[in-house]
Amino acid sequence: METVRAAERELMARLPEGALMQRAAAGLAVACAELLGRRVYGARVALLVGSGDNGGDALYAGARLARRGAGVVAVLLSPGRAHPGGLAALLAAGGQVSGDAPQDWARDVARADLVVDGIVGIGGRGGLRAEAAQLLDAVRQSATVVAVDLPSGVDADSGEVAGEAVYADATVTFGAYKPGLLIDPARERAGALRLVDIGLALPEDAEAEALQHAEVAELLPRPGAESDKYRRGVVGVVAGSARYPGAAVLAVAGALRGGAGAVRYVGPAADAVLARFPETLVHAGPPHRAGRVQAWVIGPGMGDESDGLEDVLAADVPVLVDADGLRFLTPERVRRRTAGTLLTPHAGEAAALLGRGREEIEAARLRSVRELAGRYGATVLLKGSTTLVADASGPVRVNPTGTGWLATAGSGDVLSGVTGSLLAAGLSPRDAGSVGAYLHGLAARRAAGPQGAPILATEVADHLGEAWRDVVD
């Protein structure tokens, strides 16, 4: 977040005093009015005001709402340290200050149609302090909660939540999206996001980034007039077992719809794969005898059969390792590879790779994916409620697509297949992981429908073509 703070300092030095805060407050007030359904006159608004500029933003926005007829009351958590200009503006506009007692604060919050969380800004560390935390029960029962820049109590840099924190229905953030707004566990507390442009000049090298349709479209492989199946890329899939033949079918399904020209399958589930996808090229193994490939996918449903792993890791082509394949990895085996490696663990598998508890990974997803990438010298796609892609350098990519309905058996096998095809088509591990996760998430949304409904992993695979068209249209 030092990048954002530096940009703010540089801009403030060029603007009249208070102008930057007024820009932020204006955008915040507009968003609050929209959340009230534009029925500002007569609405009750409670401002939770801390001692920093975050509280000043809330006070100035409250003054704008008060001038439009809202009944605005400010809960001053540090009465002697509230922003003096913002407080004066609120009182001049007809706003009020809540009483000094906690019961007065709770009463005013409980009555509000809209609560504005301006307790702590991007400089906050750790959870909320006691005087703010005691308000959370009243805040949770409020009609609508909007956070100023980010929900108070979350870490802006990492998305970690070290204690009590606000749950917002919406967050109005200024200048740039903060990593903590995009990465769980903080993301689930942010609600709907709205970015207000306040004129910051930000450098291109961000700590985290999220691809959008146009950027994904630029990365997607497209066949030319002279393309054949080999020029488009051939992906090899080592997956499935007698116990888990379906994993092979799902990985191949993702691979066939991921842009490669052909899929070679190696493993014991060849009959199941051919019954579903007769266009697949099958081989009994070992992998190095299956024919030329431009990338390998290994691991889904493989069980305890690790025979093919050393063979695949020895290949001089990119390799994606998922699921059971991750259990047999060591940093040394990955680091000595000359071609790219992409690891795709979920939180439990990441915990095993790092020797931690799963809850530690979930609580510190950004730190964990960076540590994994550094330890293994590989690109890592950490699956979960927020899918992250990291390598040894560059910003972490946060996947903005997906749905909670993706938490279903076999969806990760489909992701491995489509991502492996993108590797075979020539994308770097970082780009393949990012684009694969993006398409996978879009396909899941398509499968779940606009209202959301349970989906199957096969349905995710079936909707990958539509997701691809959504991006390039």
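1. Lining of the largest pocket. In this predicted model, the residues that line the largest pocket divide into seven nonpolar, 16 polar and seven charged. The space in this pocket comes to about 720 Å³. Its lining has 30 residues, and those closest to the pocket centre are Lys-383, Gly-384, Leu-406, Ala-407 and Ser-411. Two helices deserve a look here: α18 (411-424) and α19 each give at least two residues to the lining.

2. Largest cavity. Cavities are a separate matter from the pocket. The search of the whole structure finds two cavities of 30 Å³ or more. The largest holds about 60 Å³ of space. Leu-211, Thr-387, Val-389, Arg-397, Val-398, Asn-399, Pro-400, Ser-434 and Ala-437 line this cavity. By class, five of these lining residues are nonpolar, three are polar and one is charged. Strand β17 (396-398) and helix α19 (429-448) each supply at least two of them. Note that α19 also supplies at least two residues to the lining of the largest pocket.

3. Second largest cavity. This one holds about 40 Å³ of space. Start with Val-249, Leu-250 and Ala-253, which are among its lining residues. Arg-276, Phe-277, Thr-458, Ala-461 and Asp-462 line it too. Which elements each supply at least two residues of this lining? They are α11 (245-256) and α20 (457-462). The lining has five nonpolar residues, one polar residue and two charged residues.

4. Domains. The protein chain is divided into domain 1 (1-203) and domain 2 (213-472). Their centres, taken over C-alpha atoms, are 40 Å apart. Leu-211, one of the residues lining the largest cavity, has a number that falls outside both domain ranges.

5. Domain interface. How many residues of each domain are in contact with the other? Eight residues of domain 1 touch eleven residues of domain 2. Together the two domains bury about 730 Å² between them, and 51% of that area is on carbon and sulfur atoms. Three residues stand out on the domain 1 side. Glu-160, Ile-183 and Asp-184 supply 60% of the area that domain 1 buries against domain 2, more than any other three residues.

6. Salt bridge across the interface. The rule finds one salt bridge across the interface of domain 1 and domain 2. A pair to inspect is Glu-160 and Arg-367, whose side chains meet in a salt bridge at 2.9 Å, N to O. Glu-160 is also one of the three residues named above for buried area.

7. Salt bridges in the whole structure. The search of the whole structure finds 26 salt bridges. One example joins Asp-137 and Arg-140, with the closest N and O atoms 3.0 Å apart. Both residues lie in helix α7 (residues 136-140). They are three residues apart, about one turn of the helix.

8. Cis peptide bonds. Two are worth checking by eye. Asp-184 and Pro-185 are joined by a cis peptide bond, with omega about 10°. Pro-185 sits in the loop between α8 (179-182) and α9 (187-190). Asp-184 is also among the residues that supply 60% of the area domain 1 buries against domain 2. The second bond runs from Gly-285 to Pro-286; it is cis, with omega near 0°. Where does Pro-286 lie? Its place is the loop between β11 (281-283) and β12 (295-298). These bonds merit a check because most peptide bonds are trans.

9. A positive phi. Asp-149 has phi near 75°, a positive value in a residue other than glycine. Asp-149 is found in the loop between β5 (145-148) and β6 (170-174). Most residues other than glycine have a negative phi.

Terms used:
Residues numbered from 1 in each chain as written. Predicted model: local features only at pLDDT ≥ 70, side-chain atom pairs only at ≥ 80, totals over all residues. Heavy atoms only, no water. 1 Å grid on protein atoms, 1.4 Å probe; cavity = no way out; pocket = protein on both sides within 12 Å on 5 of 7 lines; lining within 4 Å. Points joined across faces, edges and corners; volume = space filled by probe spheres on them. Helix = DSSP H or I, 4+ residues; strand = E, 2+ residues; numbered from the N terminus. Nonpolar A, V, L, I, M, F, W, Y, C, P; charged D, E, K, R; others polar. Domains from an automatic or database assignment. Contact = heavy atoms within 4.5 Å. Buried area = accessible area lost by both parts, 1.4 Å probe. Salt bridge = Lys/Arg side-chain N within 4 Å of Asp/Glu carboxyl O.
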